[in-house]
Amino acid sequence: MNIIVTGGAGFIGSNFIFHMLKEHPDYRIVCLDALTYAGNLSTLEPVMSNPNFRFVKLDICDREGVYKLFEEEHPDMVVNFAAESHVDRSIENPEVFLNTNIIGTATLMDACRKYGIKRYHQVSTDEVYGDLPLDRPDLFFTEETPIHTSSPYSSSKAGADLLVLAYHRTYGLPVTISRCSNNYGPYHFPEKLIPLMIINCLHDKPLPVYGEGLNVRDWLYVEDHCRAIDLIIHNGRVGEVYNVGGHNEMKNIDIVKLICKALDKPESLITHVTDRKGHDMRYAIDPTKIHNELGWLPETKFADGIKKTIQWYLDNEDWWQPIISGEYQNYYEEMYGNR
Ligand code: NAD
Ligand code: TDX
């Protein structure tokens, strides 16, 4: 089996590559990544010399380059993680989200149509369903929940999902889609809530909680997400959407307090800042379908996963220090300077 994994130098894609090379040592994995600000080649260092692994620096919107790679590799499957993934950045500058997340997805699928493929898998998000009210804990996102997006990011991901389903119906492309809740774990880029709070804590810097911090996210350890995608690409039904989540809903403020406690830092570091525009209140996945059809269940409890994650950031300063000392400083100033 030869699999092209796009966006494999990012957070979830890299964890997925490690998972696949470990669980399927006879597979060839080709990582296609443009190495944007979110891509980090040092993350892939441990697998660079694996003979079953190849890294190619390429933009998924580069049609010529993508077609050339398909001609060289004749992939059996494509798993598309490549995306602009940060909601706050999409609010500042939507355009690159439309290009990568929508045009890039279409370009990859056109290559799949032209050269043939056993499976195209789109890594999507629960954010395409919009949000749920805090006072209705009985409500969850199922695969039947209507698409109802809030941010330019989630709209671009929803646009891609609709295109994927259209390519299945119109051209018979063998597709699957997974819509996962918030991931956490190693190699998470420090613009996102959990790594940002860990790293700020370590520097005794203010912890910028948007609004009151009552928004709820449904957190899943990244390895559990990777196992779910592995199951879907092998055993999932073509043309289907699978929600992935582990019923682990937490308020942002509680996560930040938990990180303070784990690192023995005072909660007085918490600073409430201006809320995100259009901020989704609550995400909550109903994972019944993937459980019933594919037997998937999360394996890592949040208490264990967050401990492992905090320890990983303590042990891997070499990974995150170069990130936060570069362009990230400008980003941080722009995003949080006047908030
Ligand atoms: P990330 O931002 O950490 O990584 C994205 C990767 O894609 C980077 O390596 C980047 O270099 C690459 N990339 C960006 N634009 C590209 C382009 N035009 N061509 C080629 N490569 C490009 O993102 P992540 O958190 O790992 O998310 C991966 C996927 O999972 C995304 O599609 C995201 O929408 C989805 N998702 C993420 C979460 C989460 O909690 N992080 C949850 C559900 C779904
Ligand atoms: O500094 C912060 N302060 C804060 O209060 C940051 C960065 C975030 N937040 C809040 C906003 C959200 O309610 O924390 C929550 C989580 O924020 P993010 O880490 O930015 O994630 P979210 O917006 O929930 O989106 C994530 O999950 C779904 C990923 O970034 C998406 O790619 C994925 O699709």
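Here are some questions and answers about this structure, which is a predicted model.

Q: Which residues come nearest to ligand 2?
A: Let's start with the shell around ligand 2, which holds 22 residues. By type, they divide into ten nonpolar, seven polar and five charged. The ones that come nearest are Thr-125, Tyr-153, Arg-276, His-279 and Tyr-336.

Q: How many Å is an oxygen atom of ligand 2 from an N or O atom in the side chain of His-279?
A: Polar contacts here are N or O pairs within 3.5 Å. Asn-182 has a polar side-chain atom 2.9 Å from an oxygen atom of ligand 2, and Tyr-210 places a backbone N or O atom 2.8 Å from an oxygen atom of this ligand. For the side chain of His-279, the distance to an oxygen atom of ligand 2 is 2.7 Å.

Q: What percentage of the accessible area of ligand 2 does the protein cover?
A: Polar partners of ligand 2 include the side chain of Asn-182, with a polar atom 2.9 Å from a ligand oxygen. On its own, ligand 2 has 650 Å² of accessible area, and the share that the protein covers is 94%.

Q: Which helix and which strand each supply at least two residues of the shell around ligand 2?
A: One residue to look at is Tyr-210, with a backbone N or O atom 2.8 Å from an oxygen atom of ligand 2. Residue 210 closes the strand that runs over 207-210, and the helix in question spans 193-202. The two elements are helix H6 and strand E8.

Q: Which element gives the most residues to the largest nonpolar core?
A: In soluble globular proteins, nonpolar side chains tend to be buried together. Here the largest nonpolar core has 38 residues, and Ile-194, Leu-207 and Ile-259 have the most contacts inside it. The elements giving two or more residues to this core include E8, helix H8 (252-262) and helix H10 (302-315). The one that gives the most, with six residues, is H6.

Q: Which residues is Leu-207 in contact with, leaving aside its neighbours within four places in sequence?
A: Leu-207 is one of the residues with the most contacts inside the largest nonpolar core. Leaving aside neighbours within four places in sequence, its contacts are Met-197, Asn-200, Cys-201, Val-256, Cys-260, Leu-269, Ile-270 and Thr-271.

Q: How many residues does the second, separate core have?
A: Leu-207 touches Val-256 and Cys-260, among others. The second core is separate and includes Leu-58, Tyr-67, Val-128 and Val-175; its residue count is 32.

Q: Is His-188 buried or exposed?
A: His-188 is found in the loop between strand E7 (183-184) and H6. Beyond its sequence neighbours up to four places away, it touches Phe-11, Asn-183, Pro-195, Tyr-313 and Trp-319. Its C-alpha atom is separated by 7.9 Å from that of Gly-10, although the two are 178 residues apart along the chain. The relative accessible area of His-188 is 7%, and buried means under 20%, so His-188 is buried.

Q: Which element gives the most to the shell around ligand 1?
A: In all, 28 residues surround ligand 1, and the closest are Ile-12, Asp-33, Ser-85, Tyr-153 and Lys-157. They divide into 14 nonpolar, eleven polar and three charged. The element that gives the most, with three residues, is E5.

Q: What percentage of the accessible area of ligand 1 does the protein cover?
A: Backbone atoms approach this ligand: an N or O atom of Ile-12 lies 2.8 Å from a ligand 1 oxygen, and one of Gly-39 lies 3.5 Å from a ligand 1 oxygen. Ligand 1 has 840 Å² of accessible area on its own, and the covered share is 97%.

Q: Which backbone nitrogen does the side chain of Thr-125 reach at 3.0 Å?
A: Thr-125 lies in strand E5 and is buried, with a relative accessible area of 7%. Its side chain makes a polar contact with the side chain of Asp-126 at 3.4 Å. The backbone nitrogen reached at 3.0 Å belongs to Glu-127.

Q: Is Asp-204 buried or partly exposed?
A: Asp-204 is found in the loop between H6 and E8. Its phi is near 55 degrees, a positive value in a residue other than glycine. With 47% relative accessibility, which falls between the 20% and 50% cut-offs, Asp-204 is partly exposed.

Key:
Residues numbered from 1 in each chain as written. Chains lettered and ligands numbered in written order. Predicted model: local features only at pLDDT ≥ 70, side-chain atom pairs only at ≥ 80, totals over all residues. Heavy atoms only, no water. Near = heavy atom within 4 Å. Polar contact = N/O pair within 3.5 Å; in protein donor to acceptor, adjacent residues only side chain to side chain. Areas by Shrake-Rupley, 256 points an atom, 1.4 Å probe, with all protein chains shown as cover. Helix = DSSP H or I, 4+ residues; strand = E, 2+ residues; numbered from the N terminus. Nonpolar A, V, L, I, M, F, W, Y, C, P; charged D, E, K, R; others polar. Core = buried A, V, L, I, M, F, W, Y, C linked by side-chain atoms within 4.5 Å. Buried < 20%, exposed > 50% of the residue type's maximum accessible area, 1.4 Å probe, protein only. Contact = heavy atoms within 4.5 Å.
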